[in-house]
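Reader: Could you take one spot in this model and go through it with me up close? Once that's done, feel free to work your way outwards along the chain.

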Amino acid sequence: MQIGNQHHRAIEALPGSGRVRILDQTFLPHEVVWRDLSSAKEAAEAIKVMRVRGAPLIGATAAYGYAMALAEDPSDGNLASAYDTLHATRPTAVNLRWALDRIRSMAAPLAPDQRAPRAWTEALHIADEDVATNEAIGKHGLEVFQQAFVRRGGTEPLNIMTHCNAGWIATVDWGTALSPIYQAHQQGLPVHIWVSETRPRNQGAALTAWELSQHGIPHTLIVDNGAGHLLQRGLVDLVITGADRVTAAGDVANKIGTYLKALAAQAHGVPFYVAAPVSTIDWTIDDGIRDIPIEQRASREVTHVSGRGADASTAEVLITPDTTPARNDAFDVTPAGLVTGIITENGVFPATKEGLAPNAIKA
Ligand code: MRU
């Protein structure tokens, strides 16, 4: 990722220290703040309060956190309890479980004194693989964009709508849904991005808009409720989002509001793509509406908004009556039938049980 013309990763291991440095996303877009995590407790806190967020980055952070936990105490007891603590931080993003499972199955058979160094090496691999995976997602997504560009005449910029933030800072680097956007821009394919604000935490307004600005990619912020209107007016060529979990049959859990965009896209004949690594597919379930756990977050995220005042101070303000209750489901599920295709590191696959079968997608 690019911050002020310098290349960074959203999480970077500090060599020889057993620590990692993260970009603390709770300060964006106003300040770039790096923060060191040096314990499993700090890693769990960073995931929970969303200093790091986005399914692949949550997975990579949990992997480092698990390695730190084993450095603190490599016993069988801690192998189990650190897994549970990290796993409980955010329930919907399946990459969290995937990364923890990967570390645990590698560490469990080892003697305790070998666990921490091997877990750290595995966490490094998870982070490096994430970068390569997302770059490959971008390559396949770019082909989808090129075809759409030609279909609409091959002259005017392609109007792409996205939701939440599935960019650099939702992953170790590149992003998922934004990876093809960065690659399109690099290759001179003209794109313009509709960025939906993504209430209540405003990942679109605060994070996606910031990333695209850093990269110089033309974009326009819209209110979440504006998506249907733009789709109806023919102002969107394609919708692309990330995913926190995709079931074996192609249902997609992603940031709340994704489902409404998919419904509106289908109503207006606009393709709706989901970009996600294969590690986001949960082959243990088919029915996303029934079986994907939806994270419930604090009502305060809905009743309050925070922002920066003219004096550059940050403030949080109440926007409801004092006593109004609020419900805050962090994700929704888009049924497979609304998804045009799942863009993975291995190619673009239909959102169906056959299309996503492990022997088809991992080949
Ligand atoms: O609650 P968040 O900000 O972690 O939600 C993020 C999303 O919904 C992303 O679209 C998803 O994790 C994919 S990130 C590459």
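Author: Let's begin with E295 and R90, whose side chains form a salt bridge with the closest N and O atoms 2.9 Å apart. E295 sits in the loop between helix 10 (288-291) and helix 11 (300-303), and R90 in the loop between helix 3 (76-87) and helix 4 (94-107), so this pair ties together parts that are 205 residues apart in sequence. A salt bridge here is a side-chain nitrogen of Lys or Arg within 4 Å of a carboxyl oxygen of Asp or Glu, while helices (H or I, at least four residues) and strands (E, at least two) are DSSP runs numbered from the N terminus.

Before going further, keep in mind that this is a predicted model, in which local features need pLDDT of at least 70 and side-chain atom pairs count only at pLDDT 80 or more, whereas totals for chains, interfaces and linings use all residues. Residues are numbered from 1 along each chain as its sequence is written, and side-chain values use heavy atoms, with hydrogens and water left out.

Are the two partners, E295 and R90, buried or exposed? E295 counts as buried at 5% relative accessibility, and R90 does too at 4%. Buried means under 20% relative accessible area, exposed means over 50%, and partly exposed is in between (1.4 Å probe, protein chains only). The pair isn't on its own, either: R90, R201, E295, R297 and E301 are linked in a network of salt bridges.

By the salt-bridge rule, the count comes to 21. One of the others joins D24 and R51, at 2.9 Å from N to O. D24 is in the loop between strand 4 and strand 5, and R51 is in the loop between helix 1 (40-48) and helix 2 (55-72), so that contact ties together parts 27 residues apart in sequence. Both D24 and R51 are buried. The loop between strand 4 (19-23) and strand 5 (34-37) also holds P29, and the peptide bond from L28 to P29 is cis, with omega near 5°.

For a contrast in burial, look at K353 and D286, which meet in a salt bridge at 2.8 Å, N to O. K353 lies in the loop between strand 18 (347-349) and helix 12 (358-361), and D286 in the loop between strand 13 (281-282) and helix 10, so parts 67 residues apart in sequence are tied together. Here K353 is partly exposed, with a relative accessible area of 40%, and D286 is partly exposed at 34%.

Back to the network, and to the chain around one of its members, R201. Next to R201 in the numbering comes P200, joined to R199 by a cis peptide bond with omega of about 5°. P200 is in the loop between strand 7 and helix 7, and so is T198. T198 has a positive phi of about 70° although it isn't a glycine, and it counts as buried at 0% relative accessibility.

Strand 7 itself (residues 191-196) is mostly covered, with six of its six residues buried. That goes for both faces: V191, I193 and V195 on one side, H192, W194 and S196 on the other. Strand 7 runs parallel to strand 6 (residues 158-162), joined by five bridges, and L158 stands opposite V191. Strand 7 is also parallel to strand 8 (residues 219-222), this time over four bridges, with T220 as the bridge partner of W194. Two strands pair if DSSP finds at least two bridges between them.

On the other side of the E295 loop, in sequence terms, you reach strand 14 (residues 304-308), which pairs with strand 15 (residues 314-318) in the antiparallel sense over five bridges. V305 stands opposite V317 there. The two strands form a hairpin with five residues between them, and A312 in the turn has a positive phi of about 75°. A312 is partly exposed, with a relative accessible area of 43%. So if you're scrolling through the backbone, T198 is a buried residue with positive phi that isn't glycine, and A312 is a partly exposed one.
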